[in-house]
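The report that follows describes ligand sites, metal sites and one loop residue in a protein model. Please read it alongside the sequence and the structure shown here.

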Amino acid sequence: MSASPAETQASTTAAERRVGRALLLRHMRRNGRAFLLGSLSLILVNLADVSLPLVLKLAIDDVVLLGGWLPLVWIAGAYMGLSALLATYRYLWRRYFFGASHRIANGMRAELFAHLERLPPRFYDHARTGDLMSRATNDLEAVRWFSSLGLLLGLDTCMYLLLIPPAMVSLSGSLTAWALLPLVPMPWIVYRLGRVIHARYRRVQASFGELSSAVEEFCGGIRVIKGFAQEPHFLERFRERNLAYRDENMRLQLVHGVLQPSMSVLMGLATAIVFVKGGHMALAGAISVGDFVAFQVLLLKLGWPMRAIGFVVNLYQRGTASLARIAGVLATPAEIADGADTDHAPARVEGHIEVRDLTFRYPGADTPALEHIALEIPPGATVAVVGPVGAGKSTLLELLVRLYDPPPETLLLDGRCVRRWPIARLRRAIGYVPQETFLFADTVEANVTLGLEGVGRETVREALARAQLLDEIEQLPDGLDTVIGERGVDLSGGQRQRLAIARAIVRRPAVLLLDDCLSAVDAETEAAILEGLREAIADCTAVLATHRLQVVRNADAIVVLEHGRVVEHGRHEQLLARGGVYAGMWRRQQLEHELEIG
Amino acid sequence: MARRDDTTSHDDDRIGQAVFDAEIARRLARYLRPHRRLVLVAALATLLLACAQGLSPYLLGLAVDRGIVGRDGTLLWWLGGSVLGLELLAFGLAFAQLWLLQWLGQHIMVALRAELMDKLAAQSLSFFQRQPVGRLVTRVTNDVGAIAELFSTGLVTVVGDLLAIAIAVGFLLWLDLRLALLTFAVLPVIVAATWILKGRIRTAFRAVRRRLARLNALLAETIGGMRVVQALSAELPVFDRFAERNDEHLHAALGAVHHNALYASSVTALTGLAVGVLLGYGGERVLAAELQVGVLVAVVTYAQRLYLPIRDIAEKYTLFQSAMAGAERVFGVLDAPIEVRDPPTPRALPEPPRGEIEFDHVSFRYPPRGRPERGTEQGSERARRVYAIEDVSFRVAPGERIGIVGHTGAGKSTLIHLLARSYDVTAGAVRVDGIDVRELPQRALRRRIGVVYQDVFIFSGTVLDNIRMGTASIDRAAAERAARAVGAHPWIEALPQGYDTPLPERGATLSVGQKQLLSFARALAHDPPILVLDEATASIDPETEAALQRAIERLTAGRSSIVIAHRLATLRHVDRILVLHEGRLVEEGGWDELLERRGRFYTLHRLHGRG
Ligand SMILES: Nc1ncnc2c1ncn2[C@@H]1O[C@H](COP(=O)(O)OP(=O)(O)OP(=O)(O)O)[C@@H](O)[C@H]1O
Ligand SMILES: Nc1ncnc2c1ncn2[C@@H]1O[C@H](COP(=O)(O)OP(=O)(O)OP(=O)(O)O)[C@@H](O)[C@H]1O
Ligand SMILES: [Mg+2]
Ligand SMILES: [Mg+2]
């Protein structure tokens, strides 16, 4: 992965820089009009600002020299009118500039989210939520400040820097040269310190991600933490990151604290030179006293943009560092997506599954999770996958929905490799109930439909009924509209699983993948659900991974996995007759069962 | 789509009163108190800096009058030297000021974050159930950040601005009383404008914060559930929902920009008005020879100086409001009542532990759930089960092994929550070793009870860290022993770095059964006097479970334990079985005894044997 957020990456790569720049430019261009109008308003503000002293001068001259020849009311009125204009444009440039920056942030956030939706599970396996979050919040904010205030100040500074030196030259060329001499090292300072700021800010943001992750994990795992009375341990873990973040911040501020005042010192040096050199030139009559004063005033005016440079550099470096972090996510390829070899030919999914010598290894794992698997599941068949913990049952199902990519042409649905199916069509055709239920903090209904269109309430009810959950849901205060807690914290384990089953049923899939989805359900409910499923999915291909052998007895075929390999394959009776692994398992269950009968 | 709204949003709207700001400010100021000296030094540096910078025009005057006009070449050298010296001094001062203020902001930030986390650690589970994790993260990170920003950059500018205002007012009064009063005449208008706009600006900023928190909560949640979103091909609707919130936030932000810009420009316009009036009226007085023109110039200059800092404060208002809105939410978390607390004078558990548990007529109802945004008609008139647990009584003798069975949703896990005092009972009492759990320190209680929860949670960190959970007394050997007991040792060894293999958040690279085994090993390693297994073997194959069971029997001999299971075989060896139905204890007894009774257990058992 080009930019895994899992590792605390503290330097910006060229690719990130490039993607980041393109991203910013694209979004700025989208708001080009606002930036244009904002700049225009800004110029008008500056013009009005400059003309106000002139009106003042006019008033004084009128009173002193002309004895009130011009009615003072007019002058006062002019002043007020100009102020009103100033106020209007000031309002406008703020609205345009800051509005545009919010729009940029909004657009980038949407783009980031859309990309996150495309990133494969293998990215999320190693990603830290807190870090991703901090990219979408803090880093976006830094980019926003850069694209509003940073840009604004940058423009302002450039304008001043372009206008003032020529004015100086018009007074005295040689004095200008002397005065600007101390400014020669400025670009170098800005460059060097700027790079340091960039690097340190990156570290600050990375450490912010760590901090967020710590808080995220603390709140997410609070039940376990409290259960083991280990709050102090996890608070300590947090404290370390809290302090680390502070220290990184202080390291950044150190540079910032040097940068800003050092610009002022350079200006001070220039002023001192003009005092001595200019003063002596005035003494020698090379320039007039007025020139000397005017020169000083111009230098003074240069003071503001010089100070602003520090600001701008800071905003710029932070902005680009953050932009690179955002770009880091965007530059991570969405591996599982439709591509050139996707076959868009329309086809009704029959549900014929074929596995051809499939070997699959998770990235970073020493041993393959699946090895040389070969299977064929005819349409409408029910196949059970059993085997010990970690045998690869879930992996097989995940490959079928293409959460991970199997090697080409090893996993086929209706004769077409799953990698060549349009991804959305493939997944729509499959009803997948993952082993671990994930529910959203949303209504029950929304959790069932997950935005699926054209699903009426009745359909939702029916699905819930088949999953044996409808009665319990109707007992809740708001029925289908009850909002459940994050990850379904306020439902029982079995209720959560049944909700996930309803979610798959409502999609009326051609292939149903049930990954141990009845593990938290009692026997009575289990039987009822299986009954309901049998009706709902009469002609659909079903693959179920499970640890309960009673459930699989009637399956058309049973696949026994061990260490990623198929060790046995056949119908219940065949496998029993073989007297192998499955028969052993079954005997154990039978033994248990006999025990139960007592 | 109806979504759970920010549960605190109603409170937000209620506390829109002005007193509230003052109170927040006062509370924030409290965080400055330990750093009084530092604040003083920073203020001094700011003052000196202003003086050092203010001296330059005076030196310039000297250079012109004495140096050039007075033809004193050496003085020019001296003056040049002083300018440079002053600037160097200013450099030191500016650096000191910046550094000190950042230090201040950062330390307050660290303190606030620590305080927040301490509070979260003390909060009861019901609190977390109502708060999306993403929102809490926003509180601890971004909201506190906004407050720190106020301390490190906002405060000093405001102090400086207030100083400038005071000076301007002083000079105005000294120069000409009537003109001064005229200048101040606009002030009430500005105050009024501030008053009118302030409420709106605050509302706008609150809306921004609230919507941002909502947006972030959704983002965090979706990141967590991305697999499901993708597997069910729900990317588009989920994106739409996100976009909706994203746009909601944008609108709030644009509203805030609008109000802020409006405020800044109205101050500009009013300043113009004031100066215009001054020009007209003062000019007439100069013409009437009642006033020197120099005074008028000075008054106008100072009038502008008076309003400039006011406008500056207005500009800083953004920062302020962000901080205030942030502080409000942070304090909201800090002030949230803790539902389950330690008693003022906790009792000590007897040593050595006996492992006795007693449920004495326990009833319990969960706190109400969040309500959807849109009103609802249906469901309300239906008969509802209000109590999750109703009048349950049983006793677990020291060393006894108890099994609990019942339909899904019967209230089995709830019983465990009550035992570990994650919630407080509504009626009745839960006793451990004869003491009501409400009279015990929570952490001491929980150290006595090792629970393997139904929802497994694996932390990022190594496998070993996950077994130890920070308990210093569990060394590598003990952790390994626990892992062996649950049969996790072989595959842990097979991981790239064995017990030191780092696991990602939530153990994403393990199979579900592996996670469950790990969490089992975690509980065993802690060697608790009371062991509670809530569906601890649900995702484990029968083979592994059988081995596991033998190991547990060995390990828990003489220890009280409660085992909850749907697979009845798991309960074959317990001493007594409790059957829970819709929150009530309906049957109780030994395996054979219950079978003979032909009640609910018998039905469950028969179904279990079907096939
Ligand atoms: N935090 C909560 N807030 C409100 N209601 C809850 C909460 N947790 C659980 N419930 C409800 O209380 C009832 C009992 O839940 P509990 O988790 O105790 O069931 P259980 O017996 O453990 O079921 P399972 O076998 O499915 O795990 C259920 O109807 C559930 O919806
Ligand atoms: N995302 C992942 N990255 C790396 N390795 C993984 C990942 N998911 C699973 N594994 C490993 O692959 C192997 C097979 O895992 P899988 O989840 O398919 O097992 P399973 O048969 O479903 O087990 P269980 O019965 O516990 O659900 C295990 O050793 C597991 O540790
Ligand atoms: Mg699995
Ligand atoms: Mg439960």
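## Ligand and metal sites

The shell around ligand 2 is made up of eight nonpolar, 10 polar and two charged residues, where Ala, Val, Leu, Ile, Met, Phe, Trp, Tyr, Cys and Pro count as nonpolar, Asp, Glu, Lys and Arg as charged, and the others, Gly among them, as polar. This is a predicted model, in which local features need pLDDT of at least 70 and side-chain atom pairs count only at pLDDT 80 or more, whereas totals for chains, interfaces and linings use all residues. Residues are numbered from 1 along each chain as its sequence is written, chains are lettered from A and ligands numbered from 1 in the order in which they are written, and side-chain values use heavy atoms, with hydrogens and water left out.

Ligand 2 lies between chains A and B, and 20 residues surround ligand 2, the closest being Ser394(A), Thr395(A), Ser511(B), Gly513(B) and Gln514(B); a residue is counted as near if one of its heavy atoms lies within 4 Å. Helix α11 (393-400) of chain A and helix α17 (512-525) of chain B each supply at least two residues of this shell, helices being DSSP runs of H or I with at least four residues and strands runs of E with at least two, numbered from the N terminus.

Ligand 1 also has a shell of 20 residues, the closest of which are Ser492(A), Gly494(A), Gln495(A), Ser413(B) and Thr414(B). Because residues from chains A and B surround ligand 1, the site is shared between chains. Here α16 (493-505) of chain A and α12 of chain B each supply at least two shell residues, and the shell divides into five nonpolar, 12 polar and three charged residues.

Polar contacts (pairs of N or O atoms within 3.5 Å; within protein, one must be able to donate a hydrogen and the other to accept it, and residues adjacent in sequence count only if both atoms are side-chain atoms) to the two ligands are listed below.

| Ligand and atom | Protein partner | Distance |
|---|---|---|
| Ligand 2, nitrogen | Asp125(A), side chain | 2.7 Å |
| Ligand 2, oxygen | Gly392(A), backbone | 2.8 Å |
| Ligand 2, nitrogen | Tyr404(A), side chain | 3.2 Å |
| Ligand 1, nitrogen | Gln129(B), side chain | 2.7 Å |
| Ligand 1, oxygen | Gly411(B), backbone | 2.8 Å |
| Ligand 1, oxygen | Lys412(B), backbone | 2.7 Å |

The protein covers 92% of the 630 Å² of accessible area that ligand 1 has on its own, by the Shrake-Rupley method with a 1.4 Å probe, only the protein chains shown counting as cover for residues.

The magnesium ion (ligand 3) has as its protein donors Ser394(A) (OG) and Gln435(A) (OE1), lying 1.8 to 2.0 Å from it; donors are N, O and S atoms within 2.8 Å of the metal (3.2 Å for Na, K and Ca), and since water is not among the atoms, sites may look incomplete. This pair links distant parts of the chain, with Ser394(A) in helix α11 and Gln435(A) in the loop between β6 (430-433) and α13 (444-449) of chain A, 41 residues apart. Ser394(A) is buried, with a relative accessible area of 16%, where buried means under 20%, exposed over 50% and partly exposed in between (1.4 Å probe, protein chains only).

The magnesium ion (ligand 4) is coordinated by Ser413(B) (OG) and Gln454(B) (OE1), at 1.9 to 2.2 Å. Ser413(B) is buried, and so is Gln454(B).

In the loop between β7 (511-515) and α17 (523-536) of chain A lies Ser519(A), whose side chain makes a polar contact of 2.9 Å with that of Gln497(A).
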